[in-house]
There are 2 protein chains.
Amino acid sequence: MFGVNFFHAERQAFINESNGDRVQKYITILKRTKLFSGVSEEEIASMLSCLDARLRHFQKGEYVLRQGESLADITVLAEGALHIQRDDYWGNRAIVNRVSVGDMFGEAYLAPESGAVLNDVIAVENSTVILFDVRRIITVCSSACRFHAAVIQNLFYALSEKNRILVQKLGYLSKRTTREKLIAYLSEEAKRQNSPSFTIPFNRQQLADFLSVDRSAMSKELCKMRDEGLLAFEKNQFRLL
Amino acid sequence: MFGVNFFHAERQAFINESNGDRVQKYITILKRTKLFSGVSEEEIASMLSCLDARLRHFQKGEYVLRQGESLADITVLAEGALHIQRDDYWGNRAIVNRVSVGDMFGEAYLAPESGAVLNDVIAVENSTVILFDVRRIITVCSSACRFHAAVIQNLFYALSEKNRILVQKLGYLSKRTTREKLIAYLSEEAKRQNSPSFTIPFNRQQLADFLSVDRSAMSKELCKMRDEGLLAFEKNQFRLL
DNA sequence: ATTGTTTCGTTGTAAAAACAACCGACTTGT
DNA sequence: ACAAGTCGGTTGTTTTTACAACGAAACAAT
């Protein structure tokens, strides 16, 4: 089987047998990612072996990365959804981030000095991950890959962007009260989705974990804000007033 | 004057007049930065114009970057010290980070999609900043700069590393209580400095801002922890027991 | 239809943090 | 030497949060 093949033989190349149509599916996905933005499908196909691309599949609930593991690959989520989360010594779970299709993850641990991965990455849906050898990406190969330079630029901008997102989340968490955290997050999300009415990708427990507050206290605060006329909501649909 | 020259004529090249010894001083500094790690002084000198390097000087207390400004340069601190900080609508100041000599900063806002700078950057000492055009760095020039590839790798690893540091700080801030935040920060710092006895680069107010807690409450908690025998401290010298 | 599960709101209580105000020890500048 | 400013600790009060426990609604499985 295709999936099992790649799962158990990590170093196997992306394109190997007569799995052209399946490969084509992932090339189509890659084409839409930031990493390969501006690179045609043909060029992606020709770069896959150059970059040592590999596939791995994960069932819902499975660990994609565990705290303490080390990582030497750039990873892109091709199907499904992941949560990057962290459990401290007494079970407090914080969702550091949510990974959607096309996102990279784990790229913070690729520098030679950086040690082991600090978070768990877990599949919240059945998921497929594509891995690339980091050294092959950032080492410019002389001639073969014309569009290697474009991928390097994309990678740089993606890292820069992720950096900004982390800074943004630091902005939420540096607020002292639950209300301030909610206002910071929700108004940012409204701005991002360009509408005072928007959907968040979390249920209550997940949002509380994301903002590192107690769920019931957050629920209380949300309802208080609703009663004060600051906002309206139903499930994960919010509207700022 | 040298400094005034560069301050008022931003686009002026790094090497221009008979300022060889002053330039040499900054080349020596750059050689020790992560960005130019593994690149010789001669090679740095030859790359400076290629990368459109510029100098700017700031007095203690001056703003290096303001919230809302945009940025198209990679910035390296050559002398002095900066604080990256954020004031919210009601004056709560959070020190997002401290920038030391050799560090890059502001690299989160370089992606075309990323908007304005979200934080203030302020000089806490008289400081000198070196700026490089980001597009010139990540666009591989065909022949001129042999060591351009090394700089690209360094830049990538630096961004990755900074990413990890942000994730780490998120780890501190996602703790719910002041005590937990202190323990997380201090034990991490002890690990980093490889000793249970270590110095932190903050005074109390700055540490409180860094961890986004109230100074007096933090002071109270520190003393309580000291009385419980968890740690000892004097000024910014700490020892975990 | 009923049982179990998940999600979300609610309540009361205990713990923790913010806030404000103040004090003493040290620096710094004149 | 002295005034002004900085820094860190302390205290008391108010506000906020965590925590635990419960209940209703929605949904899925048997």
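**Close-up views of DNA strand D and of A:Thr33**

In this predicted model, a polar backbone atom of B:Arg204 lies 3.0 Å from a phosphate oxygen of DNA strand D.

**View 1. Polar contacts to the phosphates of DNA strand D.** Besides the backbone of B:Arg204, which is 3.0 Å from a phosphate oxygen of the strand, a polar backbone atom of A:Asp214 is 3.0 Å from a phosphate oxygen of DNA strand D. From chain B, B:Ser219 uses a polar side-chain atom, which is placed 3.1 Å from a phosphate oxygen of DNA strand D.

**View 2. The protein surface near DNA strand D.** Around the strand there are 17 residues, of which A:Thr177, A:Thr178, B:Arg204, B:Arg215 and B:Phe233 come nearest. Of the atoms of DNA strand D that come within 4 Å of the protein, 58% belong to sugar and phosphate. Sorted by class, this surface holds seven charged, six polar and four nonpolar residues.

**View 3. The helices that face DNA strand D.** Helix α8 (215–227) of chain A and helix α8 (215–227) of chain B each provide at least two residues of the surface near DNA strand D. The most is given by α8(B), which supplies five residues.

**View 4. The surroundings of A:Thr33.** In chain A, the loop that runs between α2 (20–31) and α3 (41–50) contains A:Thr33. This residue counts as buried because its relative accessibility is 4%, a value under the 20% cut-off. The side chain of A:Thr33 reaches the backbone oxygen of A:Leu30 at 2.6 Å, and, when neighbours within four places in sequence are left aside, A:Thr33 is in contact with A:Val76 and A:Gly102.

Notes:
Residues are numbered from 1 along each chain as its sequence is written. Chains are lettered from A and ligands numbered from 1 in the order in which they are written. This is a predicted model: local features need pLDDT of at least 70, side-chain atom pairs count only at pLDDT 80 or more; totals for chains, interfaces and linings use all residues. Side-chain values use heavy atoms; hydrogens and water are left out. A residue is near a molecule or strand if one of its heavy atoms lies within 4 Å of it. A polar contact is a pair of N or O atoms within 3.5 Å; within protein, one must be able to donate a hydrogen and the other to accept it, and residues adjacent in sequence count only if both atoms are side-chain atoms. Helices (H or I, at least four residues) and strands (E, at least two) are DSSP runs, numbered from the N terminus. Ala, Val, Leu, Ile, Met, Phe, Trp, Tyr, Cys and Pro count as nonpolar, Asp, Glu, Lys and Arg as charged, and the others, Gly among them, as polar. Buried means under 20% relative accessible area, exposed over 50%, partly exposed in between (1.4 Å probe, protein chains only). Contact means heavy atoms within 4.5 Å.
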